[in-house]
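Let's work through some exercises together, one step at a time. Have the sequence and the 3D view open, and try each task before you read its solution.

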Amino acid sequence: MLRLPLDHPGTADHRSPMRFLWWLAKGQWRTLLGGMAFGIVWMSCQAVMPAVIGRAIDRGVSDKDGSVLLAYAGVMLAIGLLQAFTGIMRHRFAVTNWLTTAYRTVQLTGRHAVHLGGTLPRKVSTGEVVAIGNTDISHLGQVMDVSARFSGAIVSFVLVAVILLQTSTTLGLVVLLGVPGLMLLIGPLLSPLQRRSAAQRQLMGELSNTASDIVGGLRVLRGIGGEQVFHDRYRRESQATRRAGVEVARVQSVLDALQVFLPGVFVVVVVWLGARYAVAGRISPGELVAFYGYAAFLMIPLRTATEYANKVIRARVSAQRVCRLLALEPDVEEPVEPAAAPPEGSVLADARSGLRVRPGAITAVVSEPADESAELADRLGLCAPEPDDDVTLGGVPLTALPRADVRRRIVVSDTAATLFSGRLGDRLDTTGAGGARLEQALATASADDILDALPDRLDAVVSERGRSFSGGQRQRLVLARVLTGDPEVLVLVEPTSAVDAHTEARIAARLRAHRAGRTTVVTTSSPLMLDAVDEVAFLRDGVVVATGTHTDLLRDVPAYRTVVTRETEVPA
């Protein structure tokens, strides 16, 4: 099993793509050095093999000395075995480096997504996060993968140049000066490749986001006949992404062609010079054979160098996308000096709206439009985009408390809550409370019939986002999940909007008993639910204008009666 260091990169590291790549490399320096060491030995074995073959020809074949030829054959066998062993180890380290980089990135972005919480969907699209896991981790891993071969390419190039300088100064200089010159010819292609790769990556993220939207709303699209509209939209975006990929491929194809053409020309030059020297008697037949070997071998480090440059460009583009995600900060910052936690059973209050929630009671919030009460629910749970000090618990602003304590004591369950795929029992009992509490929560949420319809009951597997359940079933299961956690303060946003009247009446009646002694806030305009709560707060223009029981407000507040009874005109 890989041990992945997950220390978070510093501020500078997660804002600079190259610093982020350096941080990744620094976190796995042992496997990187191991891969480089084996890569150097592996490619050096290939580099010295032509020299050994040349010596065997000159001293064994030309001199007709069988013992010397046998000795050199043994040396070649030893070099071949060493090359095979180091090649295997280099590949193992390369795969390890690829996997370590890829999964460190996945774990890092996943942890940061959890750290952002509700801030994440407001600042970055789902498709962008998905594209990081699908595409970017591969590019980041590949640059760590090729590092071992690139190190071997550099060392073997120097080794061959030294050997050629000892044999022929002219040939040695051709190698030392020719290879950097070939790299300079490839350099102008790297900038357009990076620019086009960045544009393609942007379109891929947008396309993934569109695909996620279509899959998530497929049932709604079928209901309103909008499938073809979104099909055409996806087709246009996919074609734009394809065209961007073709633009990248054009530059990439030229780069790939130069990776073959330029080393090939270089090989021809070296072989031609070597042949002329052999004809002139300046080098021996064995050295000529060695020159042919070097000429063929030099294509490997040259292509490896261009491959490394190509993958660095792609990794830099991917690192930039990851850095943008890591640079996001949550809306709620941890207080520098956290305040002392108020005792359990403290009053939850919102100064902006004037709402005061009695401890141990069920309070309903009614508003027209419903978005006002939903916004208030977000503020009560410190989930609003711009939190302030208006919401207090026991007189202490929520922003002054550690975020983990607020999330533990105050839980907000809104209509957008979904179920994760996996075993149903595990997805409902997220706190490990046990079977008895879960069964009680399922009964309160009137979800018994859902279990009865499942052959495996709690062992049934939930499909992605709970799509195998209807909207009402999902809503009841989400309610059961949050009730199982039994938080000190529970804020429910329209918890029964998707269920029928009989089911809603059962949930309303059971909720009072289930949450006895615990503080509960429910945003709703359903008379069945309002009739079962202890107190109702009527919200207009973001301010509580009336409080009391459902019956009293129906009798005394015409505006409240209009909202609850669904009348068409709201009195002034």
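Buried means under 20% relative accessible area, exposed over 50%, and partly exposed in between (1.4 Å probe, protein chains only). This is a predicted model, in which local features need pLDDT of at least 70, side-chain atom pairs count only at pLDDT 80 or more, and totals for chains, interfaces and linings use all residues. Residues are numbered from 1 along each chain as its sequence is written, and side-chain values use heavy atoms, with hydrogens and water left out.

**Exercise 1. Two salt bridges**

Find the salt bridge between R379 and D350, and decide whether its partners are buried or exposed.

*Solution.*
Step 1: Recall the rule: a salt bridge is a side-chain nitrogen of Lys or Arg within 4 Å of a carboxyl oxygen of Asp or Glu.
Step 2: Check the distance. From N to O, the side chains of R379 and D350 are 2.5 Å apart, and they form a salt bridge.
Step 3: Place the partners. R379 belongs to helix α11 and D350 to strand β1 (residues 348–350), so this pair ties together parts 29 residues apart in sequence. Helices (H or I, at least four residues) and strands (E, at least two) are DSSP runs, numbered from the N terminus.
Step 4: Apply the burial cut-off: R379 and D350 are both buried.

Now try the salt bridge of D449 and R476, whose side chains meet at 2.9 Å, N to O. D449 sits in helix α15 (residues 448–452) and R476 in helix α16, so the pair ties together parts 27 residues apart in sequence. D449 has 41% relative accessibility and so counts as partly exposed, whereas R476 is buried because its relative accessible area is 9%. Salt bridges with shared partners also join E344, D486, R515 and R518 into one network. The search of the whole structure gives 13 salt bridges.

**Exercise 2. Into the core**

Which residues have the most contacts inside the largest nonpolar core?

*Solution.*
Step 1: Know what to look for. A nonpolar core is a set of buried Ala, Val, Leu, Ile, Met, Phe, Trp, Tyr and Cys residues joined through side-chain atoms within 4.5 Å. In soluble globular proteins, nonpolar side chains tend to be buried together.
Step 2: Find the core. The largest one has 42 residues, and V366, L442, L477, V536, F538 and Y560 have the most contacts inside it. Helix α16 (residues 471–485) gives the most to this core, namely six residues.
Step 3: Zoom in on V366. Contact means heavy atoms within 4.5 Å. Setting aside neighbours within four places in sequence, V366 has contacts that include V536, F538, Y560 and V564.
Step 4: Look for another core. A second, separate one has 29 residues, W42, I163, V175 and A295 among them.

**Exercise 3. Unusual backbone spots**

Where are E494 and D541 placed, and what is the phi of each?

*Solution.*
Step 1: E494 is in the loop between β9 (489–493) and α17 (501–514). Its phi is positive, about 45°, although E494 is not a glycine.
Step 2: D541 is in the loop between β11 (535–540) and β12 (543–548). D541 also is not a glycine, yet has a positive phi of about 55°.
Step 3: Compare with the cut-offs. E494 is partly exposed because its relative accessibility is 22%, and D541 is exposed because its relative accessible area is 71%.
Step 4: Visit one more spot. A cis peptide bond, with omega of about 10°, joins E368 and P369. P369 is in the loop between β3 (362–367) and α11 (370–380).

**Exercise 4. Cysteines and the whole chain**

How many disulfides does the structure hold?

*Solution.*
Step 1: A disulfide is a pair of cysteine sulfur atoms within 2.5 Å.
Step 2: By that rule, the structure holds zero disulfides.
Step 3: Check two cysteines for burial. C45 is buried because its relative accessibility is 6%, and C323 is buried because its relative accessible area is 4%.
Step 4: Step back to the whole chain. The protein chain has 20 helices and 12 strands, and buried residues make up 45% of its 572 residues.
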